[in-house]
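Got the viewer open? Let's take a walk through this one together, selecting a few pieces at a time.

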Amino acid sequence: MRRAVFPGSFDPLTNGHLDIIKRSAPLFDEIVIAVLNNPDKKPMFTVEERCALIREILPVVPNGGCRLVVDSFSGLTADFARKKEATAIVRGIRAVADYEYELRMALMNRRLEPEIETVFLIAAEEFSYVSSSLMKQVFTLGGRIEGLVPAIVEAKMREKLKN
Ligand code: PNS
């Protein structure tokens, strides 16, 4: 059983995240999309809302037979991955700018859990500039983000802005 953990803030899930999920699915039997509960950050969506949104979207994602599950966690990614008996941590790389941060995380996670390998996947070029924070900023300021986040995510962002 090859299980991977794909950790992130997912505030909110973007089409870039979905691209990484689609690319990693053929490599594993199960991928746990792990939403970080970070009390230090003020997110747009609660952890529960983020998990619910991802669960709503996953059924239409081509999974190539890979089981896609959603979970949330607090604390260290390495601890969560070990508890889940994962053999890999999946992370997406969009551009060179991501590399340094991701390298530091991968090396630290390897030090914490030497048996768990970080697997980097290269996101599609069309999503190379897409991040959750940029999506939130542009949308909040009235810009269009259609095609960059799933339609359900955009609708929920619109609801958030109204409240
Ligand atoms: O989507 P993000 O915000 O880029 O994801 C970052 C994330 C959640 C993968 C990273 O912040 C993380 O692993 N946080 C959990 C705490 C932890 O393990 N820190 C040490 C990383 S070496």
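## Start at the ligand

Zoom in on the ligand and pick S9: an N or O atom in the S9 side chain is 2.7 Å from an oxygen atom of the ligand. Keep in mind that you're looking at a predicted model. Now add T77, where an N or O atom of the side chain is 2.5 Å from a ligand oxygen. R91 is worth a click too, with a side-chain N or O atom 3.0 Å from an oxygen of the ligand. To see the rest of the surroundings, select G8, L36, G75, L76, Y101, M105, M108 and N109, which join S9, T77 and R91 around the ligand.

## Step back to the sheet

Switch to a cartoon view and look for the strands. In what order do the strands of the open sheet run? There are 5 of them, ordered β3-β2-β1-β4-β5, and the pairing is parallel. Colour β3 and β5 (117–122) next: they are the edges, and each has a single partner strand, so one side of each has no neighbour in the sheet. Going from one strand to the next, the twist averages 30 degrees.

Now select β1. Its link to β2 is made of 6 bridges, with the two strands running parallel; for one of the pairs, click P7 and then its bridge partner in β2, A34. Towards β4, which also runs parallel to β1, there are 2 bridges. Here, try A4, whose bridge partner in β4 is A88.

Is β1 enclosed or open? With 6 of its 6 residues buried, it is largely enclosed by the rest of the structure. Show the side chains and you'll find R3, V5 and P7 pointing one way, with A4, F6 and G8 pointing the other. That fits a general pattern: in a regular strand, side chains alternate between the two faces of the sheet.

## Into the core

Stay with F6 and display what it touches. Beyond its neighbours within four places in sequence, F6 is in contact with H17, I20, I21, I31, V32, I33, A34, V90 and R91. F6 is also one of the residues with the most contacts inside the largest nonpolar core, along with I21, I31, I33, I54 and L68; that core has 38 residues. At least two core residues come from each of β1 (3–8), α1 (15–24), β2 (30–36), α2 (47–57), β3 (67–73), β4 (88–93), α5 (132–140) and α6 (151–162). The largest share, 5 residues, is supplied by α2. Then hunt for a second, separate core of 10 residues, with A34, F73, F80 and A81 among them.

## The first helix and the loop before it

Select α1. Because 8 of its 10 residues are buried, this helix is largely enclosed by the rest of the structure; the buried ones are N15, G16, H17, L18, D19, I20, I21 and S24. At its N-terminal end, T14 acts as a cap, with a side-chain oxygen 3.1 Å from the backbone nitrogen of G16.

For the last stop, click D11, in the loop between β1 and α1. Is D11 buried or exposed? Its relative accessibility is 5%, so D11 counts as buried, the cut-off being under 20%. The D11 side chain makes a polar contact with the side chain of K136 at 2.7 Å. Besides K136, and leaving aside neighbours within four places in sequence, D11 is in contact with P43, M44, F45, R50 and S132.

Key: Residues are numbered from 1 along each chain as its sequence is written. This is a predicted model: local features need pLDDT of at least 70, side-chain atom pairs count only at pLDDT 80 or more; totals for chains, interfaces and linings use all residues. Side-chain values use heavy atoms; hydrogens and water are left out. A nonpolar core is a set of buried Ala, Val, Leu, Ile, Met, Phe, Trp, Tyr and Cys residues joined through side-chain atoms within 4.5 Å. Buried means under 20% relative accessible area, exposed over 50%, partly exposed in between (1.4 Å probe, protein chains only). Helices (H or I, at least four residues) and strands (E, at least two) are DSSP runs, numbered from the N terminus. Contact means heavy atoms within 4.5 Å. Two strands pair if DSSP finds at least two bridges between them. Axes are lines fitted to C-alpha atoms, for helices over the stretch in contact, and angles run from 0 to 180 degrees between N-to-C directions. A residue is near a molecule or strand if one of its heavy atoms lies within 4 Å of it. A polar contact is a pair of N or O atoms within 3.5 Å; within protein, one must be able to donate a hydrogen and the other to accept it, and residues adjacent in sequence count only if both atoms are side-chain atoms.
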